[in-house]
Every structure is written in C-alpha cells, then in structure tokens.
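Grab a pencil and work through these exercises with the model open beside you. Try each task before you read its solution.

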Amino acid sequence: QVQLVESGGGLVQPGGSLKLSCAASGRRISSNDMGWYRQAPGKQRELVAGITSGGRTDYADSVKGRFTISRDNVKNTVDLQMNSLKPEDTAVYYCRLRTVVSVEGAWVDYWGQGTQVTVSS
C-alpha cells in the first residue's frame, strides 16, 4: 500500500520561504516519478514541480527560479524548497507518486492528503 504524507506547510509573509516534505511508504521514490502540485480555491490542480526517476526536474513557469524540487533516496522523501513566496502561491500543495504498472506504459498516481501554504502579510 502506497502512502504519501506531506508536511511543512504554514503561514508565511511575502518574500519568505517554506520547505515542504513528502514522505513515501510502500514504494521507492527513486524508482518512480514524483511531483508537487497545488490547488488554489476555485482553480484546477496544477503541476508545480516534478522529478523523474532519472533525476530530471521540471517546473511551472510561475515558480522557476524560486522553487526547487529534490529527493532523498535514503529517507525516501521528496522536498520542495520554496523561496521568494508570493500571495499567488497560496494553495493546498499535494505530493504525487506516479508508478508504471504495465510494459505498455500504463501508470497509476498516488496522492498525499495535502498541506496548506498561505502567503500573506
């Protein structure tokens, strides 16, 4: 059974920093693609940052240069360092693990419960 548990959210002032962490169990993150998503009220969930099993990273244009995704294969965690936070970064942030389940490339996504990030003065 795959379980993802996010932590590190909270209230921060504009320009501040937060570090989110996602602890995975039931799968090795090193063998799967991982991602951080966010969903603001009234908006669709969007990809913020991703890291593949091969270590390639990808970021939404809105967070490039401010956010950094990384993983610790020993701890089986994936982190999201968020700097220079803006009010528009306010959202619930979710961790996602994508695992391939067939030779044809079919995959399954697992999600954490989310952690609230609020950027406000």
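**Exercise 1. Is Lys64 buried, partly exposed or exposed, and what is the state of its salt-bridge partner Asp61?**

Step 1. Start with the cut-offs: buried is under 20% relative accessible area, exposed is over 50%, and partly exposed is in between, using a 1.4 Å probe and protein chains only.

Step 2. Lys64 has a relative accessibility of 49%, so it counts as partly exposed. Asp61, at 66%, is exposed.

Step 3. Now check the pair: the closest N and O atoms of Asp61 and Lys64 are 3.1 Å apart. A salt bridge needs a side-chain nitrogen of Lys or Arg within 4 Å of a carboxyl oxygen of Asp or Glu, and Asp61 and Lys64 do form one.

Before you go on, remember that this is a predicted model, in which local features need pLDDT of at least 70, side-chain atom pairs count only at pLDDT 80 or more, and totals for chains, interfaces and linings use all residues. Residues are numbered from 1 along each chain as its sequence is written, and side-chain values use heavy atoms, with hydrogens and water left out.

**Exercise 2. How many salt bridges are there in the whole structure, and which parts does the pair Arg38 and Asp89 tie together?**

Step 1. The search of the whole structure gives 7 salt bridges.

Step 2. One of them joins the side chains of Arg38 and Asp89, with N to O at 2.9 Å. Arg38 is in strand E4 (33–39) and Asp89 is in the loop between strands E8 (77–82) and E9 (91–100), so this pair ties together parts 51 residues apart in sequence. Strands here are DSSP runs (E, at least two residues), numbered from the N terminus.

Step 3. Look at the surroundings: Arg38 and Asp89 are both buried. They also belong to a salt-bridge network with Glu46 and Arg66.

**Exercise 3. Where do Arg96 and Asp109 lie, and how far apart are they in sequence?**

Step 1. The side chains of Arg96 and Asp109 make a salt bridge at 3.9 Å, N to O. This pair links distant parts of the chain, with Arg96 in strand E9 and Asp109 in strand E10 (107–111), 13 residues apart.

Step 2. Compare the two ends: Arg96 is buried at 7% relative accessible area, while Asp109 is partly exposed at 23%.

**Exercise 4. Which cysteines form a disulfide, and why is it called left-handed?**

Step 1. Look for a pair of cysteine sulfur atoms within 2.5 Å. That rule gives 1 disulfide, between Cys22 and Cys95, with S to S at 2.1 Å.

Step 2. The torsion about the S-S bond of Cys22 and Cys95 is about -80°, so the disulfide is left-handed.

Step 3. Cys22 sits in strand E3 (18–25) and Cys95 in strand E9, 73 residues apart. Both cysteines, Cys22 and Cys95, are buried.

**Exercise 5. Which residues does Val92 touch, leaving out those up to four places away in sequence?**

Step 1. Find Val92 in strand E9.

Step 2. Count a contact when heavy atoms are within 4.5 Å. With sequence neighbours up to four places away left out, Val92 touches Tyr37, Arg38, Gln39, Gly114, Thr115 and Gln116.

Step 3. Try one more pair: Val92 and Arg45 are 47 residues apart in sequence, and their C-alpha atoms are 9.1 Å apart in space.

Methods
Helix = DSSP H or I, 4+ residues; strand = E, 2+ residues; numbered from the N terminus.
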